[in-house]
Amino acid sequence: MRHTTRTAVMLSAALGLTATVGSATIGSASAAPAAAPSAARAAAVRQAAPPVLVDCLWHAKVRPGDFILACGDGNSRLVSLHWDSWGTKSARATGVNVVNDCDPYCAAGAFHPYAVVVKLDRPQAWKKNPQVQHWTRMTLTYLGDRPEQFGRVVTYPLWN
């Protein structure tokens with residue numbers, strides 16, 4: 001009889017443990033749909049966040065005051081950038097493109113300033129951080145003088 005009672009107690013404990021684990025599993029399963037809306041909200045926030053401008057050192061910038069166009073040698077740089085807009089589809093600034101004339105060669109050349117309008121567009125997921133959008137194209141429109149070898153409008157693909 002004592003053995004039967006002990007067996008019954010052990011079976012009851014085992015069944016109770018199984019019920020507890022089962023309800024924890026059910027509770028966890030029912031909690032999963034609640035997590036989905038917060039993930040959807042986070043995705044919506046990422047979509048609403050404006051894209052970034054990625055610089056030569058792979059730093060993400062929003063409304064930078066300057067930007068190096070020629071990463072290899074620094075012979076073309078945007079300075080004094082004043083951003084009129086920075087949205088989710090495009091960004092626009094006015095500033096100065098400082099360009100080395102490389103005359104007679106780049107190390108001995110002189111830098112000249114040219115007023116420009118800068119437009120950023122074509123946002124895409126950034127390879128370094130796919131949850132972040134970054135600009136993939138920059139268009140410069142020269143407002144007056146421009147470097148001899150440049151057109152009035154110059155478009156650059158941006159790295160990612």
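# Briefing: an open sheet and its charged residues

The backbone nitrogen of Leu57 lies 2.9 Å from a polar atom of the Asp55 side chain. Asp55 itself sits in the loop between β1 (53-54) and β2 (60-61). The model is a predicted one. Six strands build an open sheet in it, and the structure holds four salt bridges.

**Confidence**

- The chain has a mean pLDDT of 80, and 69% of its residues reach 70 or more.
- Over residues 1-36 the pLDDT is below 50. Beyond near neighbours in sequence, this stretch makes zero contacts in the model.
- Where pLDDT is low, the predicted coordinates should not be read in detail.

**Asp55 in its loop**

- Asp55 is buried, yet it has no salt bridge.
- The nearest side chain of opposite charge belongs to Lys61, 4.2 Å away. A salt bridge needs the nitrogen and the carboxyl oxygen within 4 Å.
- Leaving aside residues up to four places away in sequence, Asp55 touches Lys61, Phe67 and Trp159.
- One of these contacts, Phe67, also has a place in strand pairing: its bridge partner in β4 is Leu78.

**The sheet, strand by strand**

- The strand order is β3-β4-β5-β6-β9-β10, and the pairing is antiparallel.
- β3 and β10 (153-157) are the edge strands, since each pairs on one side only.
- β3 covers residues 67-68 and β4 covers residues 76-86. Two bridges hold this antiparallel pair.
- β4 then pairs with β5 (residues 90-100). Eight bridges join the two, again in the antiparallel sense.
- A hairpin of three residues leads from β4 to β5.
- Within this pair, Val79 has Val96 of β5 as its bridge partner.
- β5 and β6 (residues 111-121) run antiparallel and are joined by eleven bridges.
- Two examples show how β5 and β6 line up. Val98 stands opposite Pro113 in β6, and the β6 partner of Val99 is His112.
- β6 pairs in turn with β9 (residues 137-142). Six bridges connect these antiparallel strands.
- Here Lys119 stands opposite Thr139 in β9.
- In a regular strand the side chains alternate between the two faces of the sheet.

**Tyr156 on an edge strand**

- Tyr156 is found in strand β10, one of the two edge strands.
- Tyr156 counts as partly exposed because its relative accessibility is 23%.
- Not counting residues up to four places away in sequence, Tyr156 touches Leu69, Thr136, Arg137, Met138, Leu140 and Phe150.
- Tyr156 and Leu140 are 16 residues apart in sequence. Their C-alpha atoms are 8.3 Å apart in space.

**Salt bridges**

- Side chains of opposite charge can pair when their charged atoms come close.
- Arg92 and Asp84 form one of the salt bridges, at 2.5 Å from N to O.
- Both partners are partly exposed: Arg92 has a relative accessibility of 38%, and Asp84 has a relative accessible area of 48%.
- Asp121 forms a salt bridge with Lys119, where the closest N and O atoms are 3.8 Å apart.
- Asp121 also meets Arg137 in a salt bridge, at 2.7 Å from N to O.
- Asp121 lies in strand β6 and Arg137 in strand β9, so this pair ties together parts that are 16 residues apart in sequence.
- Lys119, Asp121 and Arg137 are thus linked in a network of salt bridges.
- How accessible are the members of this network? Asp121 is buried, with a relative accessible area of 8%. Lys119 is partly exposed at 39% relative accessibility. Arg137 is partly exposed at 23%.

**Residues to find first**

- For the loop, start with Asp55, which is buried and has no salt bridge.
- For the salt-bridge network, start with Asp121, which pairs with Lys119 and with Arg137.
- For the edge of the sheet, start with Tyr156 in strand β10; Arg137 is among the residues that Tyr156 touches.

Definitions and conventions: Residues numbered from 1 in each chain as written. Heavy atoms only, no water. Pairing = 2+ DSSP bridges. Helix = DSSP H or I, 4+ residues; strand = E, 2+ residues; numbered from the N terminus. Buried < 20%, exposed > 50% of the residue type's maximum accessible area, 1.4 Å probe, protein only. Lys, Arg positive; Asp, Glu negative; His and termini not counted. Polar contact = N/O pair within 3.5 Å; in protein donor to acceptor, adjacent residues only side chain to side chain. Contact = heavy atoms within 4.5 Å. pLDDT = per-residue confidence, 0-100.
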